[in-house]
Amino acid sequence: MSGAALGIEIVVVFFLALFLLHRYGDFRKQQRMVLFGTLLAWYLCFLIVFILPLDVSTVIPLNNVLTLNFSSKITQLRFEAHWVIGLLFCCSSPKVCYKPWSYIPDGIMPVFWRVVYWTSQCLTWLLLPFMQSYARSGGFSITGKIKTALIENAIYYGTYLLIFGSLLIYVAVHPQWYELQTIGITAANTWGLFLLVLLLGYGLVEIPRSYWNASRRGHLLLKTYFKAAKLMTEKADAEENLEDIMEEVRKVSESIKYNHPLRKYVDTILRKCPVDYQEKMGRNMDDYEDFDDKQNTYPSERSLEKLHKQVIYAVQRHNRTRVQWQILLDQALHLEDVAKNETSSTHQFVHSFAPAEPPSWFSRYVYTPTVEWYWECLLKQWFYRLLAVVLSLFSVAVVWSECTFFSTRPVLSLFAVFIQLAEKDYNYLYIEMACFITIFFLCTCVYSTVFRIRVFNYYYLASHHQTDAYSLQFSGMLFCRLTPPLCLNFLGLIHMDSAISHQQKEQTAYTSIMGSMRVLSFIANGFYIYYPMLIVILCIATYFSLGTRCLNLLGFQQFMGENDMTSDLIDEGKELIRREKRKRQRVEDGENRRREWKERYGNQRDDYVTRNRNTHSELKETNYGDTMNASANRYSRPSNRSGDRDRIELLQDAEPLDFNAEMLSDDPLESESGRHAGGRYLSMSSSRSRIFDDV
């Protein structure tokens, strides 16, 4: 099993990152470079989180074995030995020591961490910013996009050159490369820790509260109405913006004809427009115009690049708001169905609208209407409340440990206490599970905040393949900058970082790659210890929704509960949902009527047409001689007009439809749609035209 756990986690983490990228990105429309860069950034960050518990479980036995306490004096003897020597000492102890099932051989983890860490840092500080500008550029060629990306990142990379020059001067004065590397890593981790505490303080409170509010269905329904009103405003604004951009594209397309050198750029812009707009505008291929002989003013290539960039942004925003509106509408209708089914005496969940897709095997045999009723109306809210309580306890433990992890005697950090208790019994599986659950909860609080925050329309991670390239790459940058300080903070919580705990312990391979923080003592002994205590203040501010109140005062409408503006938006959203519900109900009623008509009269009409075809074929064979003689006077009036008319009436009366009073309905829509079923002249029916079409 040596190294098997590492290989399994590498494969599992890859598919996890691929699944998230598929949920937020679009594999068919977005550029391969964007998808690859984002996938690599997410994959490396998730890999650090999942592999770190294995590194901890590998080092912990050495801490217990290589430190021997002699009872004669308080003397401590440290051995720098291999794992085999450690096993010899361990076997002489009262507790039975054995190699962990997930033990990773020496030399693998340092190389692994070095490759993963420096690759992620190159992505976040060099490649991803360039790829952001490249993907957002409106250039029509690769060279043009690269040029635009370099110009936009000139200040960004100029700052790096200034820092690099300062470090070169430092190396010239103090030629110690190891300290220079540590200073660079410390600077990156300090910036990441500054942002990490802000995001963690928000997530520790908001995640448990979100699950608690999800158990309050009335509150959740009102908030959905509020979101519907805001989203409809955004959707209308996106449609208006798209109309304006398409009008500008139409003017450019009409001014630049097909023989103009810039026409190929216009064609590229038109291909990015929606299909209906492409059909309206056309390409004016028939209008030839000698642009050299006229003094017309044409847009420049730079203005076309700007227009191209605006078209990409407007189309993406329009599609995103449209998809989000449909998702939010389904959520609102589902919550209304839950509210209606709570008082159901049959204990079977009834949907207002039939699902668009046919029921799956799981819905037919496992998740039946009875099971769905018990889950949606009874068990779900209690499950969410229990989960919110458990997450709240985790949040309290994290806040307490963040404020006390620097204390080693006595040990006040709860996570350090749990790990040290497991060390005494050499319970490696418990150590790995405790480390994994702790760091997974920390990552959930931080990463979920990254997925939730929205910076106007420039950064927004939208699910269902609606995230643009800029937001995907920006999230990859944030992950690469937040993950290393998050792991160092976790090692400090469990007292595995000697730079913070000041204990003589065997360091993990990850800590050895980070270098000794004691090179900069004011950061190791000051910032890394006292700055995480600000989580307490941030948690209090989040609990009382101070940020939401500030945004509301600035004019950004937020869901505030008892507020006049919030109540107005809730009423508006309720009316919008009611209107969409009526529209969907009319569409479903029309589908049901067409389905019933087809089931009731479809077979009868098919038999009627078949009989008419057979009768007509018999008459055609009988009158074959007459048709041969009628070729001479083809365009003259036939003499046997009355005979043909009688023959047509005979075809119509082959199987007449009797008038049936039961076919009438009180519903005017049903009577109108089913008018030709009964009480209608056969000469006005569709069967006559079908007969002559066959002839």
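This report covers a pocket, the salt bridges, a surface patch and one buried proline in a predicted model.

**The second largest pocket**

The second largest pocket holds about 1,100 Å³ of space. Its lining is made up of 34 residues, and those closest to the centre are Gln 30, Ile 312, Gln 316, Asp 468 and Ala 469. Four helices each supply at least two residues of this lining: H4 (108-136), H9 (263-272), H11 (301-341) and H16 (469-493). Helix H11 gives the largest share of the lining, with 9 residues. Sorted by class, the lining has 13 polar, 11 nonpolar and 10 charged residues.

**Salt bridges**

Side chains of opposite charge can pair when their charged atoms come close. The structure holds 16 salt bridges. Three of them are set out below, each with its N to O distance.

| Acidic residue | Basic residue | N to O distance |
|---|---|---|
| Glu 206 | Arg 209 | 2.9 Å |
| Glu 254 | Arg 250 | 2.8 Å |
| Asp 330 | Arg 584 | 3.2 Å |

Glu 206 and Arg 209 both belong to helix H7 (residues 177-214), where 3 residues, about one turn of the helix, separate them. Glu 206 counts as buried because its relative accessibility is 14%, under the cut-off of 20%. Arg 209, at 22% relative accessibility, counts as partly exposed.

Helix H8 (residues 217-255) contains both Glu 254 and Arg 250, which lie 4 residues apart, about one turn of the helix. Glu 254 has a relative accessible area of 39% and is therefore partly exposed. Arg 250 is partly exposed as well, with a relative accessible area of 27%.

The salt bridge between Asp 330 and Arg 584 has its closest N and O atoms 3.2 Å apart. Asp 330 lies in helix H11 and Arg 584 in helix H22 (residues 564-622), so this pair ties together parts that are 254 residues apart in sequence. The relative accessible area of Asp 330 is 39%, which makes Asp 330 partly exposed. Arg 584 also counts as partly exposed, at 25% relative accessibility. Elsewhere, Glu 234, Arg 320 and Arg 454 are joined into one network by salt bridges that share partners.

Helix H11 thus appears in two settings: H11 supplies 9 residues to the lining of the second largest pocket, and H11 holds Asp 330.

**A nonpolar surface patch**

Trp 400, Leu 412, Leu 414, Phe 418, Leu 421 and Tyr 430 form a nonpolar patch on the surface. Together these residues have about 540 Å² of accessible area. Helix H14 (residues 414-425) gives the most to the patch, with 3 residues. Phe 418, one of the patch residues, is located in helix H14. Phe 418 counts as partly exposed because its relative accessibility is 39%; patch residues need over 30%.

**Pro 129**

Is Pro 129 buried or exposed? Pro 129 counts as buried, because its relative accessibility is 5%. Pro 129 sits in helix H4, a helix that also supplies at least two residues of the lining of the second largest pocket. Between Pro 129 and Leu 150 the C-alpha to C-alpha distance is 10.0 Å, and the two are 21 residues apart in sequence.

Notes. Residues are numbered from 1 along each chain as its sequence is written. This is a predicted model: local features need pLDDT of at least 70, side-chain atom pairs count only at pLDDT 80 or more; totals for chains, interfaces and linings use all residues. Side-chain values use heavy atoms; hydrogens and water are left out. Patches are made of residues with over 30% relative accessible area and no salt bridge: like charges are joined within 9 Å, nonpolar side chains (Val, Leu, Ile, Met, Phe, Trp, Tyr) within 5 Å. Accessible areas come from the Shrake-Rupley method with a 1.4 Å probe; for residues, only the protein chains shown count as cover. A salt bridge is a side-chain nitrogen of Lys or Arg within 4 Å of a carboxyl oxygen of Asp or Glu. Buried means under 20% relative accessible area, exposed over 50%, partly exposed in between (1.4 Å probe, protein chains only). On a 1 Å grid over the protein atoms alone, a cavity is a set of points where a 1.4 Å probe fits but cannot get out, and a pocket is an open set with protein on both sides within 12 Å along at least five of seven lines; lining residues have an atom within 4 Å of a point. Grid points are joined across faces, edges and corners, and a volume is the space filled by probe spheres set on the points. Ala, Val, Leu, Ile, Met, Phe, Trp, Tyr, Cys and Pro count as nonpolar, Asp, Glu, Lys and Arg as charged, and the others, Gly among them, as polar.
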